[in-house]
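Biologist: I should like to work through this structure by question and answer. Shall we begin with how its strands are paired?

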Amino acid sequence: MKKIIEIKNLNKSFDNTKVLKDISVDIYEKDVLCIIGPSGSGKSTFLRCLNLLEDVDSGSVIFDGIDITNEKVDINHLRTEIGMVFQSFNLFNNKNVIKNLILAPVKVLKMDKTKAIELAFLNLEKVGMSDFAYRNVNTLSGGQKQRVAIARGLMMNPKIMLFDEPTSALDPLVVGEVLNVMKELAKSGMTMVVVTHEMSFAASVATRVIYMEDGGIVEDDFPEVIFKNPNNEKTREFLARVIN
């Protein structure tokens, strides 16, 4: 299987606090990698380092054969190939749904506007939001906004999608609709890295699960190992707390 991202000896600090400690991990094509762990363990910072939304102190992030930590690399171009879905949606509330989706392809990829609108409808169909194409974003529910955010991430035809706790800001009643969209993406073969508190999603959809604690990777294994018979005592203790 082809490596999409290779992370080598990644370190990151904020002020004098070391948040990521010498992390090395490989992400392969069609991986659905779920990252779990307690709050403050460095999960979201690690995810944001994968497309340099956070600068790294040392180490390398090699995406599709290119070290994106090299200052000569055009990171804005590379970000078109790395989709990102945020906890807080990050949509333009003053625009309607379709305008949110076509903005980057038209501005960044110089895509013809008519083609961009056609592609937007295809991606809205995938997330069950095509009936809302001309609605203003600020009239949507949280679950609807997150599904629009996923469709927007798909507009650039990325090689990988990063999800930073995509359901944590949602009403529990609508969490399922977002997770179902993500399950369908996983089935389609999309390479995904998901920071999540949804253990049932990680157990049923992930191809691999990483348990992080205190800025490091404690355990990286198949979901059936992590959830049924983890090797590390820290993983066992965490799962006993969150599942019970």
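Modeller: A definition is needed at the outset: two strands pair if DSSP finds at least two bridges between them. Please bear in mind that this is a predicted model.

Biologist: Which residue in E4 does Glu6 stand opposite?

Modeller: Strand E1 (residues 3-14) and strand E4 (residues 58-63) are joined by five bridges and run antiparallel. Within this pairing, the residue of E4 that stands opposite Glu6 is Ile62.

Biologist: Which residue is the bridge partner of Ile62 in E5?

Modeller: E4 also pairs with strand E5 (residues 66-67), in the antiparallel sense and over two bridges. The hairpin of E4 and E5 has two residues between the strands, and Asp64 takes a positive phi near 50° there. On the E5 side, the bridge partner of Ile62 is Asp67.

Biologist: Which strands are the edge strands of the open sheet of six strands?

Modeller: The order in this open sheet is E6-E7-E8-E3-E9-E10, and its pairing is mixed. An edge strand pairs on one side only, and this holds for strand E6 (82-85) and strand E10 (216-221).

Biologist: In which sense do E7 and E8 pair?

Modeller: In general, strands of a sheet pair through backbone hydrogen bonds, either parallel or antiparallel. Phe163 stands opposite Val194 in E8. Strand E7 (residues 160-164) is joined to E8 over four bridges, and the sense of the pairing is parallel.

Biologist: At about what angle to E8 does helix H6 run?

Modeller: Helix H6 (residues 172-187) lies across three strands, namely strand E3 (32-36), E7 and E8. Relative to E8, the helix runs at about 150°.

Biologist: Is Thr196 buried or exposed?

Modeller: Thr196 is placed in the loop between strand E8 (192-195) and helix H7 (199-205). Leaving aside residues up to four places away in sequence, Thr196 touches Cys34, Ile35, Ile36 and Ala202. The side chain of Thr196 also reaches the backbone nitrogen of Glu198 at 2.9 Å. Its relative accessible area is 3%, and buried means under 20%, so Thr196 is buried.

Biologist: How many disulfides does the structure hold, and why is the sulfur of Cys49 not bonded to that of Cys34?

Modeller: Cys34 and Cys49 are both buried, Cys34 with a relative accessible area of 0% and Cys49 with 0%. A disulfide requires two cysteine sulfur atoms within 2.5 Å. The sulfur of Cys49 is 19 Å from the closest cysteine sulfur, in Cys34, and is therefore too far for a bond. The number of disulfides in the structure is zero.

Key: Residues numbered from 1 in each chain as written. Predicted model: local features only at pLDDT ≥ 70, side-chain atom pairs only at ≥ 80, totals over all residues. Heavy atoms only, no water. Buried < 20%, exposed > 50% of the residue type's maximum accessible area, 1.4 Å probe, protein only. Polar contact = N/O pair within 3.5 Å; in protein donor to acceptor, adjacent residues only side chain to side chain. Contact = heavy atoms within 4.5 Å. Axes fitted to C-alpha atoms, helices over the stretch in contact; angles between N-to-C directions.
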